[in-house]
Amino acid sequence: MNTDNLDSDSKYTQNENNSAESALEPVSNYSKKVLLLIVSTASLIFLLVMLMTYFERTNVIIENTQDDYETIDSIDELRMILLRIDVEFSNFILTGDVERIANFEGDISSMSDQLETLHKKWQGFITHSDIIELKTDINQVIDKLQWVTFSEDRNLSTQKLAVDVAKQAIQDAREELGSIRTNLVLGTKSNHTNNLKQIERIKWIMVSLSAVSFSLILFLFNLTLKNDQLHRDLSLAMANKHQKLEAMVEDRTKDLMGLASYLTRMNENERSRIARELHDELGALLTAANMDSAWIARNLNDEDKDKFSHRLSRLSDNLKRGIALKRQITTSLVPPLLRELGLQEALRDMISELESLAPETTFNLSFVGLFPHIDTEQELALYRICQESLTNISKYAKATKVSVVLIVKGGHIFMNIEDNGVGFDTSNRPTGTHGLVSIRSRAAMFEGVLNVTSIIDQGTKVNTSMKLKTIDEINEN
């Protein structure tokens with residue numbers, strides 16, 4: 001692989017990480033956003049409280065104003081009563097009719113109670129001395145009214161004098177009520193002015209709070225929009241980065257799988273070369289040496305035969321064992337049955353050999369479907385996957401039952417290898433072992449998938465699936 005490409009990829013990844021970190025920097029702190037939200041909420045709550053205070057204060061002012069005007073109306077009513085009594089006193093002097101004056105006695109008597117009520121309510125504007133003077137005048141009116149009504153003295157001059165005194169008292173009482181009314185009006189205006197000022201202050205506070213709250217909400221809204229935009233930009237940048245990284249990983253995976261396929265082909269080519277050299281060169285030498293030893297044994301005289309027969313017999317046996325070992329090594333390097341008779345016969349031969357080496361283990365080999373003429377390289381890949389899996393089972397699994405099933409279906413070929421051995425932890429792969437990597441790379445050469453599942457003390461399953469590649473398809477292409 002090109003180290004310059006690796007360096008450029010690492011620099012690219014570093015630049016992408018730096019860009020992602022720089023994109024994160026403008027994003028506002030979450031606590032700042034929460035603080036603004038709290039301040040805005042508090043402002044709105046305070047604004048709501050002030051609004052309720054405003055309405056409550058307004059209602060109080062309206063009620064007080066109505067009460068004030070009702071009080072002033074009652075004073076005006078008292079003044080009208082006194083005015084009517086004054087008029088009736090004048091009519092009494094002219095007509096002498098006492099009945100019309102007597103009807104006002106109850107109204108005048110109730111004035112004292114009304115004046116006490118006014119004094120308690122308006123102590124700041126109605127003094128106690130005003131009430132006393134007003135009561136004195138009203139009592140004097142009542143006395144004269146009673147004297148005129150019930151007195152037996154019908155002297156006109158005496159009655160006129162009593163009436164004049166009563167009218168003077170009525171005039172004084174009306175003036176006192178007028179003065180009280182003036183004070184009440186002034187007090188009402190003063191209270192009304194103060195209340196209006198308070199309402200005005202509350203109104204401006206509300207306006208200020210509304211402006212502040214609106215500004216905070218608008219700022220928070222803009223901040224949220226900016227954050228959302230930044231998050232969208234960041235998400236887009238991260239998505240682009242993720243796509244680029246996925247593309248890089250895919251390219252590197254293809255490169256690695258291509259390298260693995262290349263190394264696998266080189267390994268098989270090297271196996272074939274070594275097998276040919278063993279068969280052609282070493283096989284010829286061993287065969288020639290065996291023939292020479294046989295010729296020597298045949299051409300020795302009787303004396304030499306007795307002397308060298310043992311040596312020659314051992315030499316011949318060693319040469320035969322060497323030839324058998326050469327044949328065994330050549331077969332393991334390049335299985336001749338696979339090349340001559342195909343995958344099914346090669347697997348049968350492999351299973352037969354394993355059964356002779358491990359008689360305590362039961363092997364079961366089965367084929368499902370119609371097997372076409374499979375590509376030579378794909379046959380070799382399936383053979384090596386099965387060979388590696390069965391070798392691992394023989395070494396480590398301690399299995400008593402092994403099953404190998406090949407299935408051809410829907411343009412794909414499946415090979416399922418299962419044992420009932422001790423199993424292993426697939427997540428804890430020991431370092432320095434490349435068996436699984438090797439068979440996975442062989443499956444990947446043909447766009448295949450190899451899955452290994454294992455349970456401790458329950459066995460292991462190796463399932464391989466790949467698209468079927470036939471010799472006819474290769475010829476057509």
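Lys398 is exposed, with a relative accessible area of 72%. You'll find Lys398 in the loop between H10 and S2. Keep in mind that this is a predicted model. Something else sets Lys398 apart: its phi is positive, about 55 degrees, although Lys398 is not a glycine. For background, most residues other than glycine have a negative phi.

Glu447 tells a similar kind of story. Glu447 also shows a positive phi of about 55 degrees without being a glycine, and its home is the loop between H11 and S4. With 71% relative accessibility, Glu447 counts as exposed, because anything over 50% does.

Now for two more residues to look up. Ser316 sits in helix H7, which covers residues 302-333. Is Ser316 buried or exposed? Its relative accessibility is 17%, so Ser316 counts as buried. Setting aside neighbours within four places in sequence, Ser316 touches Asn290 and Ser293.

Thr426 belongs to the loop between S3 and H11. Its relative accessible area of 42% makes Thr426 partly exposed. Again leaving out neighbours within four places in sequence, Thr426 is in contact with Val452 and Ser454. Thr426 and Thr460 are 34 residues apart along the chain, and their C-alpha atoms are separated by 9.8 Å.

Here are these four residues side by side:

| Residue | Where it lies | Relative accessible area |
|---|---|---|
| Ser316 | helix H7 | 17%, buried |
| Lys398 | loop between H10 and S2 | 72%, exposed |
| Thr426 | loop between S3 and H11 | 42%, partly exposed |
| Glu447 | loop between H11 and S4 | 71%, exposed |

On to the sheet. How many strands does this open sheet have, and in what order? There are five, arranged S1-S2-S3-S5-S4, and the pairing is mixed. At the edges are strand S1 (362-368) and strand S4 (449-455), each of which pairs on one side only. On average, and ignoring direction, neighbouring strands in this sheet are turned by 10 degrees against each other.

Look inside the sheet and you'll see strand S3 (residues 412-419) running antiparallel to strand S5 (residues 459-467), with eight bridges joining the two. As a spot to check by eye, Phe414 stands opposite Ser465 in S5.

Helices lie across this sheet too. H10 lies across strand S2 (401-409), S3, S4 and S5, and runs at about 10 degrees to S3. Helix H11 (residues 435-444) lies across S4 and S5, at about 145 degrees to S4.

H10 has a helix partner as well. Two packed helices are described by the angle between their axes and the distance between the axes. For helix H9 (residues 343-357) and helix H10 (residues 376-397), the angle is about 15 degrees and the axes are 10 Å apart. That angle makes H9 roughly parallel to H10, since the cut-off for this is under 35 degrees. The crossing of H9 past H10 is right-handed.

Which residues make this contact? From H9 come Leu343, Ala346, Leu347, Met350, Ile351 and Leu354, while H10 brings Glu379, Leu382, Tyr383, Cys386, Gln387, Leu390 and Ser394. Sorted by character, the residues in the contact of H9 with H10 are ten nonpolar, two polar and one charged.

Key:
Residues are numbered from 1 along each chain as its sequence is written. This is a predicted model: local features need pLDDT of at least 70, side-chain atom pairs count only at pLDDT 80 or more; totals for chains, interfaces and linings use all residues. Side-chain values use heavy atoms; hydrogens and water are left out. Axes are lines fitted to C-alpha atoms, for helices over the stretch in contact, and angles run from 0 to 180 degrees between N-to-C directions. Helices (H or I, at least four residues) and strands (E, at least two) are DSSP runs, numbered from the N terminus. Angles under 35 degrees count as roughly parallel, over 145 as roughly antiparallel, 65 to 115 as roughly perpendicular and the rest as oblique. A crossing is left-handed if the near helix is turned anticlockwise from the far one by less than a right angle, and right-handed if clockwise. Contact means heavy atoms within 4.5 Å. Ala, Val, Leu, Ile, Met, Phe, Trp, Tyr, Cys and Pro count as nonpolar, Asp, Glu, Lys and Arg as charged, and the others, Gly among them, as polar. Two strands pair if DSSP finds at least two bridges between them. Buried means under 20% relative accessible area, exposed over 50%, partly exposed in between (1.4 Å probe, protein chains only).
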